[in-house]
Amino acid sequence: MRNFWALTRRELLSVFVSPLAYGTAALFMLLFGLFFIGQFAQYKLVQLQTVAEPLGHILPALAAPVLTMRLLAEERRLGTLEMLMTAPVTDFEVVLAKFCGVWLFYASVLALTFLHVAAMLWCYDGPVDWTGFALGYAGLLLIAGYFLAFGLLCSSFFESPILAALTAFVAGLFILLAGMILSRPVFTNPGVQQEILKFMLPYAHYSNLMRGVLDTRDLAYFGGAIGYAIFLATKSLESRKWR
Amino acid sequence: MIEVEHLTKRYGDLTALDDVSFHVDAGEVVGFLGVNGAGKSTTLRILSGYIPATAGAARLAGRDVFRESLEVRRKIGYLPETVPLYPELRINEYLLFRARIKGVPRARRSSEIDRVTAACKLDDRRRQTVGTLSRGFRQRVGLADALLGPPEILLLDEPTSGLDPLQRLEVRALLDELKREHTVLLSTHILPEVEAVCGRIVILHRGRRVPDEDVARLRRWRRFELAFAGPAQEIRAALAQLDSVRAVLEVPPRPEDRGEEPPPACCEIDPQEGRDPRDAVVALFAARAAAGWKLLELRRRALSLEEIFARATGDADQAER
């Protein structure tokens, strides 16, 4: 556990000195702000869903490859993996710390959007659905965790961060579009295949949370998907021992 | 402290290590010698638990490097050949991170970092970003990292590569101090370094260990340098005829003879094993003094490690040139 914190702190330190991370954060805030103002002016709705749903889905899919590409690929390329793995830490601790580091970074960027929410509440004096907000933010965090874990997995396959980012980006785009297409009204009476596919993709689960619906299946889905990606990334890192 | 038994490592068809066995006792400093690609780094990577061996076993402090990898890793300080470091961190941030994951207790962390930065002469650079350091300083940071703990065993892969001669001397002095408290296995292809620091050497060549008997025999081997005046061709031929002489070797003109008129002729005698040809040489020159043969210098010397190394690894011509 002490190792895990030390490793996570190292990840956070590295991410907070990287211009790439600040660029991503700035872009995130810019887009969020634009969406926010657009939605606010149009609908005057006090719901996180309207403001953040499409953005919260698309942004992590685009940002995760950039945020995660270096995590393991760069360690391989620079050889720092050798230093890291010859210290008394397990492969799992390393992967988990990398994931948590980048997830915490994303969470801290997401926390900046509290400013928007505060501004919105300041102009509005009706009742507020706090549970909805909490679940909405949980949804934003979980969908980001999903794409970040996937990006980390891609990073574990390659020695080149660019290749890792490209793989994560293409796969992420596919997941993103497939999920959105399946949620279109055309599929209101879906067949079994569509149902299965819909369950496997994150969008429906995310969208439940954003609507303020708490369903343990959705939480289990994200927990399982993130856990599985971390497990696979650990195995991929361990593969140096049996390849 | 370090026991390596029949270690073999194959990468696909390439055999990087072939049935290598050796041991290092506690408190010993052993030099690991070999040209690039001889298998030194592979061995150190296996010992540090980074990659497993294809066959054979290695134990550090009585623990198997593969099955009890974490325990082994707690006991070692490892410096890889390329000294990989995170470029974005400052030296003190990096060392603090390393001290944490190496399990240095919180109360001792800052004194440990003080100790290793002082030992590696990094005190005044502690706030510098690692990415901006020169090769020599990176090497020192790597070494400081390896010393954190302090670990029982140090595995150092070419600790002086990339350093200038002055820094090399400093690292050698540091290693001299370290041998009091650590068991050290250090690899290098810079031979004077091993001579200066190590009590014992293990030579690897193409993944195999050169037997100790060969190394010991070659370390006892002596050569004899001659400088003389007279008919050079004739004298060399006569020297080669002596019983105790195996070969007479050409040597390049020596710098100290520059400007001498006429320049003295030089050669080197490689004796038959265990023989000392000096008396015979002196007698020969005395007998032919009337013909103008004059012995100017005769000196016995040990083989340099380059020569031992080249011979032991079968590259005899290189040694004899």
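**Exercise 1. State the confidence of chain A and locate its extremes.**

Solution. Chain A has an average pLDDT of 85, and 91% of the residues score at least 70; pLDDT is the predictor's confidence in each residue, from 0 to 100. This is a predicted model, in which local features need pLDDT of at least 70 and side-chain atom pairs count only at pLDDT 80 or more, while totals for chains, interfaces and linings use all residues. Residues are numbered from 1 along each chain as its sequence is written, and chains are lettered from A and ligands numbered from 1 in the order in which they are written. Within chain A, helix 3 (residues 48-68) has the lowest confidence, with a mean of 78, and helix 12 (residues 216-238) the highest, at 94. Helices (H or I, at least four residues) and strands (E, at least two) are DSSP runs, numbered from the N terminus.

**Exercise 2. Describe the two open sheets of chain B.**

Solution. Step one is the inventory: chain B holds 12 helices and 14 strands.

Step two is the antiparallel sheet. Its 4 strands follow the order 2-1-4-5 in chain B; two strands pair if DSSP finds at least two bridges between them. Strand 2 (14-24) and strand 5 (63-64) of chain B are at the edges with a single partner strand each, so one side of each has no neighbour in the sheet. Strand 1 (residues 2-11) and strand 4 (residues 55-60) of chain B share 5 bridges in the antiparallel sense, and B:Ile2 is opposite B:Leu60 of strand 4.

Step three is the mixed sheet. Its 6 strands run in the order 6-7-8-3-9-10 in chain B. Strand 6 (76-79) and strand 10 (208-210) of chain B form the edges, each with a single partner strand, so one side of each is left without a neighbour in the sheet. From one strand to the next, the twist averages 20°. Strand 3 (residues 29-33) and strand 9 (residues 200-205) of chain B are joined in the parallel sense by 4 bridges; B:Gly31 has B:Ile201 as its bridge partner in strand 9.

**Exercise 3. Which helices of chain B lie across these strands, and at what angles?**

Solution. Helix 1 (residues 40-47) of chain B lies across strands 1, 2 and 4 of chain B, at about 115° to strand 1. Helix 5 (residues 135-147) of chain B lies across strand 6 and strand 7 (153-157) of chain B, at about 165° to strand 6. Axes are lines fitted to C-alpha atoms, for helices over the stretch in contact, and angles run from 0 to 180 degrees between N-to-C directions. Contact requires that the C-beta atoms of two residues, placed from the backbone, lie within 7 Å.

**Exercise 4. Characterise the contact between the chains from the side of chain A.**

Solution. The contact involves 20 residues of chain A and 23 residues of chain B. On the side of chain A, helix 1 (2-16) and helix 5 (80-85) each supply at least two residues. Helix 1 of chain A gives the largest share, 6 residues. By type, this side of chain A has 10 nonpolar, 6 polar and 4 charged residues; Ala, Val, Leu, Ile, Met, Phe, Trp, Tyr, Cys and Pro count as nonpolar, Asp, Glu, Lys and Arg as charged, and the others, Gly among them, as polar.
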